[in-house]
Amino acid sequence: MDNRTNLDDYLAGLGISDADESELPPPAPDAAPSAPTLEAAPEDPRAALERFLQGLVTRIDPDLSVTVREAEDALEAEITGEHAARLAGRDGRTLGAIEVLAYTVLAKQEGRGHLRVRVDVGGFRRRQADTLTKLAERLAVQVAKSGEPHELQPMPPAERRVIHIALKEHPDVMSESVGEGAARRLIIKPRHG
């Protein structure tokens, strides 16, 4: 029976705690609390992200592997393996949840909450970005030709960002996000003047 009751216990079970679980034996069910330990220096964010994701994917599929690299504005992780694409989930929802957990793990480290985290599995995000870029280009032609704005369905911030970037330098159209929360959506409209 799983008797873990809070996020810290769950994260510790995934290898995210003040000490690496592989170095410590699991606590006995009725054991007295252990003596306090000295605080370790904060772990390098790249190493912390890699350790977390490797601990997570190893429990899902031991044949998956993780690589993390530092990009200009974020830490980018790639999960690879024969069945990695399954980890994306329906419409990338599982992947999105993994990103939120990864960001939370880094934010737990003092002063690490400002880092962006991007995770891709089996090239899912890359294919999705390509599809969104092509959609943006197709809609830009349509809007430029008709002179009428086009409103897209609500979409997550990462997807809106791809379209904004794709149209940033477009000479005939511009993009704008409108709405709040989960209803936030993009409008592609003619660039005036």
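Here a colleague and a modeller talk through a predicted model of a protein, one question at a time.

Colleague: Let's start with the whole chain: how many helices and strands are there in the protein?

Modeller: Reading along the sequence is a good way in, and it gives the pattern α-α-β-β-α-β-α-β-α-β-β. Counted up, that makes five helices and six strands.

Colleague: What share of the residues of the protein count as buried?

Modeller: A residue is called buried when its relative accessible area is under 20%. The protein has 193 residues. Of these, the share that counts as buried is 31%.

Colleague: And which atoms supply 53% of the area that the protein exposes?

Modeller: The protein exposes about 12700 Å². The 53% comes from two elements, carbon and sulfur.

Colleague: Now to one residue: does glutamine 54 count as buried, partly exposed or exposed, and why?

Modeller: Glutamine 54 sits in helix α2, which covers residues 45–60. Buried means under 20% and exposed means over 50%, with partly exposed in between. The relative accessibility of glutamine 54 is 27%, so this residue counts as partly exposed.

Colleague: Which residues does glutamine 54 touch, not counting those up to four places away in sequence?

Modeller: One of them is leucine 64, 10 residues apart from glutamine 54 along the chain, with 8.2 Å between their C-alpha atoms. Contact is judged on heavy atoms within 4.5 Å, rather than on C-alpha atoms. By that test, the residues touched by glutamine 54 are Leu64, Ser65 and Val66.

Colleague: How is α2 oriented relative to helix α3, and why?

Modeller: Helix α3 spans residues 93–108, and its axis comes within 10 Å of that of α2, crossing at roughly 135°. Angles over 145 would be roughly antiparallel, and 65 to 115 roughly perpendicular. The angle therefore makes α2 and α3 oblique.

Colleague: Which class of residue makes up the contact of α2 with α3?

Modeller: On the α2 side the contact includes Pro45, Phe52 and Leu56, while α3 brings residues including Ile98, Ala102 and Val105. There are no polar and no charged residues in this contact. Its 11 residues are nonpolar.

Colleague: What is the handedness of the crossing where α4 passes α5?

Modeller: Helix α4 (residues 124–146) and helix α5 (residues 157–167) pack at about 50°, with axes 9 Å apart. Because of this angle, α4 and α5 are oblique to each other. The crossing of α4 past α5 is right-handed.

Definitions and conventions
Residues are numbered from 1 along each chain as its sequence is written. This is a predicted model: local features need pLDDT of at least 70, side-chain atom pairs count only at pLDDT 80 or more; totals for chains, interfaces and linings use all residues. Side-chain values use heavy atoms; hydrogens and water are left out. Axes are lines fitted to C-alpha atoms, for helices over the stretch in contact, and angles run from 0 to 180 degrees between N-to-C directions. Helices (H or I, at least four residues) and strands (E, at least two) are DSSP runs, numbered from the N terminus. Angles under 35 degrees count as roughly parallel, over 145 as roughly antiparallel, 65 to 115 as roughly perpendicular and the rest as oblique. A crossing is left-handed if the near helix is turned anticlockwise from the far one by less than a right angle, and right-handed if clockwise. Buried means under 20% relative accessible area, exposed over 50%, partly exposed in between (1.4 Å probe, protein chains only). Accessible areas come from the Shrake-Rupley method with a 1.4 Å probe; for residues, only the protein chains shown count as cover. Ala, Val, Leu, Ile, Met, Phe, Trp, Tyr, Cys and Pro count as nonpolar, Asp, Glu, Lys and Arg as charged, and the others, Gly among them, as polar.
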